[in-house]
2 protein chains.
Amino acid sequence: MSVTAARGFTASGVSAGIKDSGAPDLALVVNRGPSYAAAAVFTSNRVQAAPVRWSRRVIGDGALAAVVLNSGGANACTGPAGEDDARAMAERTARALRVEAEQVAVCSTGLIGVPLPMGRVTAGIDAAAAELSEDGGEAAAIAIKTTDSVHKTAVASGSGPDSGPRSGSGPGWTVGGMAKGAGMLAPGLATMLVVLTTDADVSAPTLDSALRQAVRTTFDRVDSDGCMSTNDTVLLLASGASGVRPDPAEFAEAVHGVCLDLALRLVADAEGASKEIEVRVVGAASEQDAVTVGRSIARNNLLKCALHGEDPNWGRVLSAIGTTSAVFDPDRLDVSINGVRVCRDGAAGEPRDKVDLSGRAVTVTVDLRSGDASATIWTNDLTAAYVHENSAYSS
Amino acid sequence: MSVTAARGFTASGVSAGIKDSGAPDLALVVNRGPSYAAAAVFTSNRVQAAPVRWSRRVIGDGALAAVVLNSGGANACTGPAGEDDARAMAERTARALRVEAEQVAVCSTGLIGVPLPMGRVTAGIDAAAAELSEDGGEAAAIAIKTTDSVHKTAVASGSGPDSGPRSGSGPGWTVGGMAKGAGMLAPGLATMLVVLTTDADVSAPTLDSALRQAVRTTFDRVDSDGCMSTNDTVLLLASGASGVRPDPAEFAEAVHGVCLDLALRLVADAEGASKEIEVRVVGAASEQDAVTVGRSIARNNLLKCALHGEDPNWGRVLSAIGTTSAVFDPDRLDVSINGVRVCRDGAAGEPRDKVDLSGRAVTVTVDLRSGDASATIWTNDLTAAYVHENSAYSS
């Protein structure tokens, strides 16, 4: 269902020939209204692709009529010509849809530093506009794939103000979305692109608040390989077509649910990875401490290799914790791996051979024993396949 | 020559049976005086091994008579029993040498979280004390190896106050040293241990200043895989046996030279690596900016994979720069790889196929065009062999 699960949206995905393979590579998502409220979160990388710069500017007024997305080229680090190309994509889309270019966000993903083949891109936009439909969500999700092995979509639904949560689209409201990418997924580019839509009648400030809240504890905590893209973009568009104005807390929860679902799909599809690793930090003095410790663990190459080798190497967890400035006492750290407390009070606990690491799912739980805050970071193991994927991509 | 190149020092290395392989695993370095000034730099990891805690305490008075070192076990995250073991190593060494335990530094390297076999360690200390000699520097350097393929030593010499620099030990003074480890070298432990000796007549504060200055721009800028050990230790002991009190600047330069020599040997011997990568950041607004940008580049797994695949992927360099808060304009960044300016003004420059990455030595030069400061970070590529080394070690 993807981005067309919510009423008021059409979408499409076509093969524009941007990718040499001929696979689908251009998508449109169009908001048919009656409302055009929108919110966005972009990469915090200071080197930002031209489409990110463009979209950041046009989202300023909290409204969008459409999003044009391409795979096969990131249009990042492409200089002033790249800026012109991003604008041209918005303009061509606007002309085809009879809207203003400033109402069109642009997302690109692919190799950095290579100009887009604009002839093919503009022809592809025209073709995609001709194919827009209320069933186009899947095609759009497929067209934004790079090295993703599957396309990723998610849907959550809410009720009118007087009844409980429900599923399916009907008299209630719906949040739907599509995503591509993740660190290990997308060698050479690593872009995460996400478009969420809803037919709820929600103002731009409420959208913005719900989106930021959701991203902060979902996409922002997926740390597959510690690398931050120049192109990461998460967009949320509201058509108001359901006519329902949901309770803001219920709406925020639905947005969070869709974001978490998509985020976990990104981790699960990380090419080159053989494990999904959930790093749970509890007993932290603050949420920031928990996030900092979780990220340090999730980015530790030595630990990621050990877990790949099914070695419950808690010493590497302690080493990673020790590089942070979080509040903790080194002699009071507890670490459990897949439920076995292998480290207690900063030293050996239960025997490490009790830990079963044969499955794909690994949970590393760290108790800092310094407070009540917690956070979870999701990552992957480090494998020879990751090295292969990422050393062979652009050459 | 190693730690016995300087007069006033004896050393030895023996097989104590700490390693299952029977390879040498215990070393002593003894200062015979007449001076006993010493300085040390330890890991900044807050999870610190018991020997680091011990040595940090005893170096407080700026004097050491000896160092006892073992490979085959890190004595890290071993709780109160580990603290007792570190102290017992110092006490046994002190008894054998007829000095005080508080004059003996302790260094350990090996797997974290496993207690040392203290019966073998103490017997090994006695055996090593019996074998001390003025030619023992090589044996000591060999006994501290873990997965190092070669032992690492370096020597620099200085003159008396009235003549220029010279080589060889004679009427002048000498700085000699040994080192083991580096990030990728030492799976599961990653400890760097360095012992430097000099027969110059230098006070503890001057030693300390020279050592900190040297470490800051050498060992601290080797960032093989971004992982920080619980055991890293660099010691500098001065016997004063040459009778020469060198010019402090000349002495500091000699210490820096030996540290740089050893640091580059660590990078060159990183197992699992196929390239030595020098990341030079110039045009920075401050040295701190240059270091921050250099580290971010050196720790970028995607770039390290690309260079392994001989792909001059400057987009990944820009992505890494963009994650920092250093002063720069994304549209004025220049990147050269092995002398070819592949990125100019934040966009594509010279053709990437002009870059020859077939050799082991890779230089990535970044010009931030924001000032006059610079810094160099040394690292390695990321290879399938690294993953193999680090996923198979302790299981």
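How many of the six residues of strand E8 (residues 193-198) of chain A are buried? Six of the six are buried, and the strand is accordingly described as mostly covered. The structure is a predicted model. It contains chain A and chain B, and chain B can be laid on chain A with an RMSD of 0.0 Å. The points below treat the strand, the domains of chain A, the relation of the copies and their contact in turn.

**Strand E8 of chain A**

- In a regular strand the side chains alternate between the two faces of the sheet.
- Both faces of E8(A) are covered.
- On one side lie A:Leu193, A:Val195 and A:Thr197, which are all buried.
- On the other side lie A:Val194, A:Leu196 and A:Thr198, which are likewise all buried.

**The strands that pair with E8(A)**

- Strand E7 (residues 173-180) of chain A pairs with E8(A) in the antiparallel sense, over six bridges.
- Within this region, A:Val175 has A:Thr198 of E8(A) as its bridge partner.
- Strand E9 (residues 233-238) of chain A pairs with E8(A) in the parallel sense, over six bridges.
- A:Val194 has its bridge partner in E9(A), namely A:Val234.
- A:Thr198 and A:Val194 are thus bridge partners of A:Val175 and A:Val234, respectively, and both belong to the buried residues of the side that also holds A:Leu196.

**The two domains of chain A**

- Chain A is divided into domain 1 (2-268) and domain 2 (276-392).
- The centres of domain 1 and domain 2 of chain A, taken over C-alpha atoms, are separated by 32 Å.
- In the contact of these domains, 11 residues of domain 1 of chain A meet 13 residues of domain 2 of chain A.
- The side of domain 1 of chain A that touches domain 2 of chain A has seven nonpolar, two polar and two charged residues.

**How the two copies are related**

- Two copies of a chain are related by a rotation about an axis and a shift along it.
- Here, chain B is laid on chain A by a turn of 180° and a shift of 0.0 Å along the axis.
- The two copies are therefore related as by a two-fold rotation axis.
- In chain B, the C-alpha nearest the axis belongs to B:Ala384, at 2.1 Å from it.

**The contact between the chains**

- Chain B and chain A each give 50 residues to the contact.
- On the side of chain B that touches chain A, the elements giving two or more residues are helix H8 (301-308), helix H9 (314-322), strand E13 (347-348) and helix H10 (384-392) of chain B.
- By class, this side of chain B has 21 nonpolar, 24 polar and five charged residues.
- The copies meet through the same surface, because 100% of the interface residues of chain B are also interface residues in chain A.

Definitions and conventions: Residues numbered from 1 in each chain as written. Chains lettered and ligands numbered in written order. Predicted model: local features only at pLDDT ≥ 70, side-chain atom pairs only at ≥ 80, totals over all residues. Buried ≥ 20, exposed ≤ 12 C-beta atoms within 10 Å, placed from the backbone. Helix = DSSP H or I, 4+ residues; strand = E, 2+ residues; numbered from the N terminus. Pairing = 2+ DSSP bridges. Least-squares fit on C-alpha atoms with pLDDT ≥ 70 in both. Contact = placed C-beta atoms within 7 Å. Domains from an automatic or database assignment. Nonpolar A, V, L, I, M, F, W, Y, C, P; charged D, E, K, R; others polar.
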